[in-house]
Amino acid sequence: MGPTYFRKTALMLASGALVALTTIHGASAADRIRMHGTVESLDGDTLKIKSPDGKDVTVTMKSGMNVLGVKNASAADIKPGDFVGVGSQPTASGVNGAVQVVIFPASMKGTGEGDRPWDVKPNGSMTNATVANAVKDVNGPTLTLAYKGGERKISIPDGTKIVALAPTTKDDLKAGAGVSVQGVMSGDNMVAADRVSVGLDGATPPN
C-alpha cells in the first residue's frame, strides 16, 4: 500500500473524523455519517456491522476501495521526529492532556500539519505535528509538538488511547474486529462507504 493512499486518509483519522455515532436514525440519504461498529461479516464489497447501540448496519464499499489498518501502540513508541496527530483537551495544570494519539508513517509527515479545534471533547484541540521533544517525569510522558507557526506541549496520561497506522487489506475485515466507517446513508440502516478503517490484533480505530 503506497504513500498516496496514506496521505488521502490522514486527515480523516487525525482530525477526529472517525467519530462514533451511537445512533444512525434520522439521517437523510445525502447526509454524511461517521460511525464505529463491530464486523459481523464480509461478502464481496458488502460489509455487515453491529453499531454501538446494537443495530445491524449494511455497508456497501466501493469496488477496489483500500482499507486503513489501525494497530495498538504505546507512549514508548513515540520518538522525537515522529509525525503524530494528537487529540487533547485542557487540564488544570495548564498543559493539554492527550485523549488519543495517532502515530503516522514517515511517508505522511506534514499531512494536515497544524493545530485546530477538535469537537470530540469540550474545548478539544487536534494537533498534527512533529515530536520535537519527548520527556518523562513523575506525571508521565510530555510531548513538545512542533508545527509550522507554533508548538504545543501535551501530556500523555495513563490510559490514553495510542495507535499507529498500518497497511492492511479487506481480508482483515473479520468478524469481531472493530471498524470505523465514513460515507452517506443510502437507506434504512444502510451506508455507502468511501472510507473504512479496521482495528488489527484487537485494536479499535480512534475517535
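**Close-up views of a predicted model**

**View A. Asp115 and Arg152 form a salt bridge in which the closest N and O atoms are 2.9 Å apart.** The two residues link distant parts of the chain, with Asp115 in strand E7 (residues 114-118) and Arg152 in strand E10 (residues 150-155), 37 residues apart. Asp115 is partly exposed, its relative accessible area being 29%, and Arg152 is likewise partly exposed, with a value of 21%. The boundary for a buried residue is under 20% relative accessible area, so the 21% of Arg152 leaves this residue in the partly exposed class. As in the other views, the coordinates shown belong to a predicted model.

**View B. Glu40, Lys50 and Asp56 are joined into one network by salt bridges that share partners.** Within this network, the salt bridge between Lys50 and Asp56 has its closest N and O atoms 2.8 Å apart. Asp56 is partly exposed, with a relative accessible area of 44%, and Lys50 is also partly exposed, at 30%. Side chains of opposite charge can pair when their charged atoms come close.

**View C. A salt bridge joins the side chains of Arg32 and Asp194, with an N to O distance of 3.1 Å.** Arg32 belongs to strand E1 (residues 32-43) and Asp194 to strand E13 (residues 190-200), so this pair ties together parts of the chain that are 162 residues apart in sequence. The relative accessible area of Arg32 is 43%, which places the residue among those that are partly exposed. The model has a count of five salt bridges, and the contact between Arg32 and Asp194 is one of the salt bridges in the model.

**View D. Strand E9 (residues 140-147) is largely enclosed by the rest of the structure, because seven of its eight residues are buried.** Strand E8 (residues 124-137) pairs with E9 in the antiparallel sense, and seven bridges connect these two strands. Within the pairing of E8 and E9, Asn133 stands opposite Thr144, the latter being a residue of E9. E9 also pairs with E10 in the antiparallel sense, in this case over six bridges, and Glu151 in E10 is the bridge partner of Ala146. In a regular strand the side chains alternate between the two faces of the sheet.

**View E. The hairpin formed by E9 and E10 has two residues between its strands.** Gly149 lies in the turn and has a positive phi of about 95°. On the E10 side of this hairpin, the strand contains Arg152, the residue whose link to Asp115 in E7 joins distant parts of the chain.

**View F. Asn123 has a positive phi of about 55° although this residue is not a glycine.** The residue is found in the loop between E7 and E8. Its relative accessibility of 66% means that Asn123 counts as exposed, since the exposed class begins over 50%.

**View G. Asp201, which is not a glycine, has a positive phi of about 55°.** This residue is placed in the segment after E13, the strand that contains Asp194 of the salt bridge with Arg32. Asp201 is exposed, with a relative accessible area of 80%.

Notes
Residues are numbered from 1 along each chain as its sequence is written. This is a predicted model: local features need pLDDT of at least 70, side-chain atom pairs count only at pLDDT 80 or more; totals for chains, interfaces and linings use all residues. Side-chain values use heavy atoms; hydrogens and water are left out. A salt bridge is a side-chain nitrogen of Lys or Arg within 4 Å of a carboxyl oxygen of Asp or Glu. Helices (H or I, at least four residues) and strands (E, at least two) are DSSP runs, numbered from the N terminus. Buried means under 20% relative accessible area, exposed over 50%, partly exposed in between (1.4 Å probe, protein chains only). Two strands pair if DSSP finds at least two bridges between them.
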